[in-house]
Structure formats: structure tokens, C-alpha cells
Amino acid sequence: NEPREGRVHPRFNVWYAEALLEAYELDPDPRFLHAALRTARGMSRLQRRDGSIFYDNFIDGRARESSPTGSAVAFAGLLWLRLHRMGASTEFLPNIERSAEWLLANRFADTHADTNLRGGFFEVRLRTRAVPARLEYRDISTAFALRFLAAYHDHLREPD
């Protein structure tokens, strides 16, 4: 997070929320759960209707759309799923579905020419401050996406 710029990192706060839920399981102090819920609600405001979350987000609602961040989509999805499973809230069901749809739609094809990218999940940063501009693909999204999709699969198999 960068308070002076009003910038919100897309995974930073979710890491803390996940730790708060771990703490809540050890000590059911409602402050832990409420803080995690506040983070989850904040992340739901960052997620677009198409499911995307960007790397550079600002507290005024703006985002730099040159940086779709699959790891944030997946990690926020994990937080929303966990809160739902805990019975803390059903309000995140649309966010969970948007995350799953976005991740499945934004993968590199299994037939991609670059074998290093085949089947990987999308996370791109476009850096335009340097000349020439630099496009980076980061595989951190694949690790988070696999974790989310495994949990999502279990969620779909759970009885209502």
C-alpha cells in the first residue's frame, strides 16, 4: 500500500486478512473476523464486473488497467470462499463466481507456442516509464489460481 498516493496493493491486505482468519480459528475474538470481513468488502469494491482486479488500484476507485492481476483475483477469491465456508457471509458469492470465471477465461492455451506459458494463468505488468516499454508475465498467478480453483471445486461439491 502507498498511503501518499492512495494506492492499494491487490494482495497485501488479503495476506493480513488470511492471517486474521487463522487467528480467529485459534481465538474466536470477533475483532479478527470483522477485520477480515472489512478487507473482503474492500477487495469486492476493487473487483470489476468482469472479475478482473488490477495491480495498481486507488482508494478513489481508479485503477491502471494495464496490469490485470490473476493472483489478486484468485487470492481475493480464496478469502471470499473461506468467509463463506465459515458462515460469516454469503455476500461474496457473486465475487467468488466472477473470480472463477475470470481465471478460467484468462489462461494461456495448452497449445501456446511458448511452453513456459502453456496452461499458466494471466498476470501481466506493463511498465511504460522505461524506454522501451517492458511487458512482464509473472507466474505468481498460477500458484494462487491453482489454490483457488481447488477450493472452488470443493465449494461446488458442497451441499447447499
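Reader: Before we discuss the hairpin, when do two strands pair?
Author: Two strands pair if DSSP finds at least two bridges between them. Please keep in mind that this is a predicted model.

Reader: How many bridges join β2 and β3, and in which sense do they pair?
Author: Strand β2 (residues 54–58) and strand β3 (residues 63–68) are antiparallel and share three bridges. Arg 64 in β3 is the bridge partner of Asp 56, and Pro 68 in β3 is that of Phe 54.

Reader: Which residue in that hairpin takes a positive phi?
Author: Gly 61 does, with a phi near 100°; the hairpin has four residues between its strands. In addition, Arg 62 lies over the face of Phe 58, 4.3 Å from the ring centre.

Reader: What is the strand order of the sheet?
Author: The order is β1-β2-β3, in an open sheet of three strands with antiparallel pairing. Because β1 (7–8) and β3 each have a single partner strand, they stand at the edges, and one side of each has no neighbour in the sheet.

Reader: Turning to the interior, how many residues does the largest nonpolar core have?
Author: The core has 33 residues. Those with the most contacts inside it include Met 43, Ile 53, Trp 80 and Phe 148. Helices α1 (12–26), α2 (30–46), α3 (70–85), α4 (93–105) and α5 each give two or more residues to this core, and α3 provides the largest share, with 10 residues.

Reader: What does Ile 53 touch?
Author: Leaving aside residues up to four places away in sequence, its contacts include Pro 10, Met 43, Leu 46, Val 73, Ala 76 and Trp 80.

Reader: Which residues of α5 are buried?
Author: Among them are Phe 144, Ala 145, Phe 148, Leu 149 and Tyr 152. Helix α5 (residues 140–157) has 18 residues and reaches 27 Å from its first C-alpha to its last, close to the expected 26 Å.

Reader: How many aromatic pairs does a search of the whole structure find?
Author: The search finds six. One of the pairs, Trp 15 with Phe 75, is edge-to-face, at 5.9 Å centre to centre and 65° between the planes. This pair links helix α1 to helix α3, across 60 residues.

Reader: Is Trp 15 buried or partly exposed?
Author: Trp 15 is partly exposed, because its relative accessible area is 39%; buried would mean under 20%. Phe 75, at 2%, is therefore buried. Together with Phe 144, Trp 15 and Phe 75 form one aromatic cluster.

Technical notes: Residues numbered from 1 in each chain as written. Predicted model: local features only at pLDDT ≥ 70, side-chain atom pairs only at ≥ 80, totals over all residues. Heavy atoms only, no water. Expected span 1.5 Å × (residues − 1). Buried < 20%, exposed > 50% of the residue type's maximum accessible area, 1.4 Å probe, protein only. Core = buried A, V, L, I, M, F, W, Y, C linked by side-chain atoms within 4.5 Å. Contact = heavy atoms within 4.5 Å. Phe/Tyr/Trp six-rings, centres within 6.5 Å; stacked < 30°, edge-to-face > 60°. Lys NZ or Arg CZ within 6 Å of the ring centre and 35° of its normal.
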